[in-house]
Amino acid sequence: MPDEMARPLIRGRGERGGSRCLEASMSDPGAPVVGILGTGDFSRSLARRLVASGYQVVVGSRTPKRSAALFPEEAEVTSQMEAASQADLVFVAVFPEHHSTLVELKPTLAGKTLVDVSNGLRVNLDGPSNAELLADLFPESIIVKGFNTISAWSLQMGPRDGSRQVFLCSDSSKAKSSVMQLCRRLGFIPVDMGLLSSSLEIENLPLYLFPSWRIPVLCTIALFISFYLYNFLRDILQPFVTAGKSVFYKMPIETVNVTLPSVALVMFSLVYVPGLCAAFLQLWWGTKYNRFPKWLDGWLTRRKQFGLCSFLCAVLHAVYSMCLPLRKSFRYKLLNLAVKQVKDRVEDSWDSAEAWRMELYISVGIIALGLLSLLAVTSLPSVANTVNWREFSFIQPPAVEATSYSSYPSTQTCCCRTSWTRGAAEKWEGS
Ligand code: NAP
């Protein structure tokens with residue numbers, strides 16, 4: 001295990017399997033010097049990417065001799081003090097609980113830019129952030145928060161893999177723009193998040209686990225349980241209690257299959273109901289400039305997740321339906337029916353009306369699933385970005401647009417002017 005830990009994340013140039021993209025470029029003597037404090041996973045990946053992007057890299061370690069072998073030969077691994085004195089821009093790739101061990105570098109780092117890449121262990125809503133604490137420790141240095149949302153792995157693989165966005169914030173716009181420039185040169189996309197007070201938000205970003213999915217998923221599960229219980233009581237328990245007929249075998253497939261479309265339909269309606277509520281509220285208030293209640297705001301911003309949960313249930317229903325004829329119980333039923341028809345000497349059991357009903361029933365289901373798939377696909381940002389506003393409104397019905405940006409009055413103005421609310425909105429705007 002210790003050997004594993006000591007092995008560099010990326011093999012060196014001479015080693016087998018070395019990363020070709022990283023070898024493409026090497027630092028030149030006139031290139032800017034970037035310092036890194038710490039020699040862990042993050043530091044190693046960052047050093048390699050900086051070297052590959054043409055920077056001179058100096059790494060500061062408590063034990064430089066031991067760590068040097070883990071870094072590319074173009075990077076200089078030296079003491080923390082030496083690294084801090086050589087570079088004007090220094091990445092602090094040390095866990096925040098060890099930031100205090102760097103205080104002896106305070107005079108050397110005065111006036112220099114420190115990039116805090118640290119993450120917290122749990123969501124911190126009250127502050128202060130690690131970056132703000134670092135700023136208190138090094139009041140004469142300029143702190144920039146960033147790169148914490150990029151994993152060592154993404155740095156190693158390059159910006160093709162994983163998220164390319166790097167969220168940055170600082171109280172010094174000059175320091176921030178120099179880090180943004182570096183970020184672009186590494187192939188990432190810098191996102192300016194403003195002042196250092198935003199660092200808490202940036203530090204919390206990697207800790208959230210699908211925050212906008214919790215309510216839609218819970219809703220789906222709750223609806224599924226309710227509908228399943230209802231179907232179970234009606235189709236399985238009731239025949240068993242009243243006629244002693246045991247059809248418990250229906251529980252895993254048939255009952256689930258009957259339950260799924262009900263959940264899909266209710267979830268789908270939950271995508272559109274908040275848009276209607278919002279439109280009615282605006283008409284009721286006589287203005288579009290009032291903020292919606294918090295619950296409605298939250299609901300409006302989660303419509304995409306409600307829609308995708310509905311889509312999942314619809315797809316599962318389609319799969320379950322296709323599997324129905326594969327079941328043994330179905331084949332038994334079919335066989336029994338055929339035997340009964342032979343026994344009863346039924347000559348022609350063809351029922352045209354029944355056949356039509358089934359054909360239409362299935363074709364409507366297929367069309368509904370196709371349209372739902374279109375809505376689901378166009379809700380993906382990568383697809384939505386390729387169509388203009390008009391094309392998007394053509395595919396996504398007006399009720400979805402009506403209050404897409406519930407919290408922002410300016411966008412509400414344009415969103416309110418959808419076909420069915422236009423007259424009312426203009427009337428209210430005029431009043
Ligand atoms: P790591 O592998 O544990 O490395 C931390 C390094 O800190 C050590 O190698 C050590 O280098 C140095 N260090 C300096 N003073 C220390 C002290 N008093 N005690 C212990 N170590 C000390 O950690 P990492 O994964 O590289 O993460 C470093 C920072 O980057 C963390 O703040 C983390 O939140 C952030 N980060 C990491 C990732 C990632 O994917 N790993 C992603 C985003 C952000 P020397 O022994 O050579 O001094």
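A polar contact is a pair of N or O atoms within 3.5 Å; within protein, one must be able to donate a hydrogen and the other to accept it, and residues adjacent in sequence count only if both atoms are side-chain atoms. This is a predicted model, where local features need pLDDT of at least 70, side-chain atom pairs count only at pLDDT 80 or more, and totals for chains, interfaces and linings use all residues. Residues are numbered from 1 along each chain as its sequence is written, and side-chain values use heavy atoms, with hydrogens and water left out.

Q: Which residue has a polar backbone atom 2.9 Å from an oxygen atom of the ligand?
A: Let's look at the ligand's oxygen atoms. One is 2.5 Å from a polar side-chain atom of serine 61, and an N or O atom in the side chain of arginine 62 is 2.8 Å from a ligand oxygen. The backbone contact, at 2.9 Å, comes from alanine 152.

Q: Which residues do salt bridges that share partners join into one network?
A: A salt bridge puts a side-chain nitrogen of Lys or Arg within 4 Å of a carboxyl oxygen of Asp or Glu. Lysine 145 pairs with aspartate 116 at 2.9 Å, and the side chains of lysine 145 and glutamate 203 also meet at 2.9 Å. The network is therefore made of Asp116, Lys145 and Glu203.

Q: Is glutamate 203 buried or exposed?
A: Buried means under 20% relative accessible area, exposed over 50%, and partly exposed in between (1.4 Å probe, protein chains only). Glutamate 203 has 5% relative accessibility, so the residue counts as buried.
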